[in-house]
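I set out to record, entry by entry, what I looked up in this structure. The overall fold comes before the ligand shell and a helix.

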Amino acid sequence: MITIEQRPSIQLDPTAKLVSESRSDSSRIMDAADQNIFGKVSGTTIFDIMDKVGGECAIHHSGCPCVTAYSDAISFRRPVNVGDKLHAEAHLTYVGDTSMEARIRLERENIFTGEREHSHTGYIVFVALGKDGKPTKVPRLIPETAEEQREFDRGEQRERERKNRRNCGDFE
Ligand SMILES: CC(C)(COP(=O)(O)OP(=O)(O)OC[C@H]1O[C@@H](n2cnc3c(N)ncnc32)[C@H](O)[C@@H]1OP(=O)(O)O)[C@@H](O)C(=O)NCCC(=O)NCCS
């Protein structure tokens, strides 16, 4: 078995970083300002939480200011109530030259019982900006576990699909 230091990706780029180094999380009790007109936590609140915690992963990895470039699907599995605590956990799944894809997973917690349930998963792409405000190269990403490698391969596939969609003019 080869050690991490022996991996070709590390030797090609000594600045390469582990997926685990990108990890970030946050937790917050939902309040009245987070709700939609039907009294549930709104989609914009959910996206805001995902964007912030995912953006933190991109900053950890690149060490640069990062902008949100693309939201690649969010699955809203369960509604969240005002008074629930929302826990977010994120890590990078795939990195290109200047872009980084984060996977963000949310769990809602009933603070009276402590019961936690998976509520949302989403993928957001961030781009690192250099001092000139233009996209800048980021370190390579090193998947350490079989699951991280599987996510990396899926991320690479999604990146190809995103580029195809842009090239086909879906977003013009
Ligand atoms: C994201 C942005 C910096 C890309 O700039 P650009 O000049 O188009 O950059 P490039 O064409 O050189 O692409 C740079 C990288 O971004 C990726 N990218 C660009 N637009 C993208 C999009 N719409 N979706 C996903 N990835 C995108 C490219 O695939 C490329 O990735 P790679 O280097 O890993 O291969 C620019 O489109 C932008 O500033 N968008 C607005 C961002 C914003 O305001 N976000 C909300 C506030 S944070």
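What radius of gyration would a compact globule with 172 residues have, and what does the protein chain have? I found 17 Å for the protein chain, which agrees with the value near 16 Å for a compact globule of 172 residues. The radius is taken over C-alpha atoms, and the globule rule is 2.2 Å times the number of residues to the power 0.38.

I note that this is a predicted model, in which local features need pLDDT of at least 70 and side-chain atom pairs count only at pLDDT 80 or more, while totals for chains, interfaces and linings use all residues. Residues are numbered from 1 along each chain as its sequence is written.

**Entry: fold.** I looked up the secondary structure and found four helices and seven strands in the protein chain. These are DSSP runs numbered from the N terminus, helices being H or I of at least four residues and strands E of at least two. Their order from the N terminus is α-β-α-β-α-β-β-β-β-β-α. Along the principal axes, the C-alpha atoms fill a box of roughly 50 × 45 × 30 Å.

I then checked contacts, meaning C-beta atoms, placed from the backbone, within 7 Å. Of the contacts with a separation of 6 or more, 74% are between residues 24 or more positions apart.

**Entry: ligand.** I listed the residues whose C-beta atom, placed from the backbone, lies within 6 Å of the ligand. They are V67, T68, A69, Y70, G96, D97, T98, S99, V125, V127, P135 and R162. Two or more residues each come from β3 (66–76) and β6 (116–128), and β3 gives the largest share, four residues.

**Entry: helix α4.** I compared the length of α4 (residues 146–167) with expectation: its 22 residues should span 32 Å at 1.5 Å a residue, and its end C-alpha atoms are 32 Å apart, which agrees. The expected span is 1.5 Å times one less than the number of residues.

Which residues of α4 are buried? I found E151, G155 and R162, where buried means 20 or more other C-beta atoms within 10 Å of the residue's own, exposed means 12 or fewer, and C-beta atoms are placed from the backbone. They are on the same side of α4 because they cover an arc of only 45° around the axis, taken from the directions from the helix axis to the C-beta atoms. Their cover includes β3, β4 (85–95) and β5 (99–109).

On the face turned away from the buried side of α4, I noted exposed residues including A146, R150, Q157 and N167. After α4 comes G169, with a positive phi near 85°.

Notes:
Contact = placed C-beta atoms within 7 Å.
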